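Colleague: I would like a close look at a single part of this model, taken slowly and with its surroundings kept in view. Could you walk me through what you find there?

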Amino acid sequence: MKKILLASLIAISFIQAKELNPSMQGFMNDLSVEAKKQNPNIQGFDYARGEVIFTTKQIGKKGNPISCVSCHTNDLSQNGLNEHTNKVIEPLSPAANPNRFTDVKEVKKWLRRNFKDVYNREGTALEQGDVITYIINKK
Ligand code: HEC
């Protein structure tokens, strides 16, 4: 039973990650295995949960309300602007910016840093998988 659940979970994450390269697909798989370990009821990553994570304002690291949208905007095909440094950020959407979600190390580094900027902690495996699912599928 457990094996079947895990297999279907992996299948779901593969579908969502169909445009990702093999190393990114491997990363998404690792996240789904880890998320499943933390909560066996998890059915897979979810775009709607990812949207909430990406768009909800929190009192961030600097003590002001901030969300992922604050720097990346709500249109992921457009440039963003770093709220802290005023530097332009290239689009997050892989459809607009083919370099996105190609380098697992880069993705891990920025997710860790950006979750801390907004949520004052690292994202869980489920949160990371959900928010990536949102970013790569958002039209
Ligand atoms: C204070 C500004 C800021 C906030 C807030 C922010 N980011 Fe970022 N983000 C950046 C910068 C700067 C980079 C690195 C520069 C670049 O890649 O263009 C980056 C890069 C990324 C990347 C790397 C993607 C890749 O493959 O290159 C991801 C994923 C990401 N951010 C997701 C998020 C998520 C999810 C949130 C909310 C939890 C968030 N960001 C909030 C500034 C921000």
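What follows is an account of one helix and of the parts of the chain around it.

Colleague: Please take helix 6: which of its residues are buried, and what share of the largest nonpolar core comes from it?

Modeller: Let me say at the outset that this is a predicted model, and that I will set out the chain before turning to the helix itself. The chain holds six helices and four strands, and, read from the N terminus, its elements follow the order α-α-α-β-β-α-β-β-α-α. Of its 139 residues, 28% are buried, and among contacts between residues at least 6 apart in sequence, 50% join residues at least 24 apart.

Helix 6 covers residues 125–137, and its 13 residues reach 18 Å from the first C-alpha to the last, which is close to the 18 Å expected at 1.5 Å a residue. Twelve of those 13 residues are buried, so helix 6 is largely enclosed by the rest of the structure. The buried residues are Ala125, Leu126, Glu127, Gln128, Gly129, Asp130, Val131, Ile132, Thr133, Tyr134, Ile135 and Ile136, a list in which Glu127 and Asp130 stand beside residues such as Val131 and Ile132.

The general background is that in soluble globular proteins nonpolar side chains tend to be buried together. In this model the largest nonpolar core has 22 residues, and the members that touch the most others are Met24, Met28, Leu31, Phe54, Val131, Ile132 and Ile135. Helix 2 (22–38), helix 3 (47–55), helix 5 and helix 6 each give two or more residues to this core, and the largest share, seven residues, comes from helix 6.

Two of the core residues just named show how other parts of the chain enter the picture. Leu31 touches Ala125, Gln128 and Gly129, leaving aside residues up to four places away in sequence, and Ala125, Gln128 and Gly129 are themselves among the buried residues of helix 6. Met28, which is found in helix 2, is buried because 24 other C-beta atoms lie within 10 Å, where 20 or more are required. The C-alpha atom of Met28 is separated by 9.6 Å from that of Val104, although the two residues are 76 residues apart along the chain.

Helix 5, which also gives residues to the core, has a part in the surroundings of the ligand as well. The ligand is surrounded by 22 residues, of which the closest are Cys68, Cys71, Arg100, Trp110 and Asn114. The elements giving two or more residues to this shell are helix 4 (68–72) and helix 5 (104–119), and helix 5 gives the most, with eight residues. By type, the shell divides into twelve nonpolar, five polar and five charged residues.

Finally, two loop residues deserve a careful look at the backbone. Most residues other than glycine have a negative phi. Phe101, in the loop between strand 4 and helix 5, has a positive phi near 55°, and it counts as buried because it has 22 C-beta neighbours inside 10 Å. Asn86, in the loop between strand 3 (80–81) and strand 4 (88–89), has a positive phi of about 65° although it is not a glycine, but Asn86 is exposed, with 7 other C-beta atoms within 10 Å.

Terms used:
Residues numbered from 1 in each chain as written. Predicted model: local features only at pLDDT ≥ 70, side-chain atom pairs only at ≥ 80, totals over all residues. Expected span 1.5 Å × (residues − 1). Near = placed C-beta within 6 Å. Nonpolar A, V, L, I, M, F, W, Y, C, P; charged D, E, K, R; others polar. Core = buried A, V, L, I, M, F, W, Y, C linked by C-beta atoms within 7 Å. Contact = placed C-beta atoms within 7 Å.
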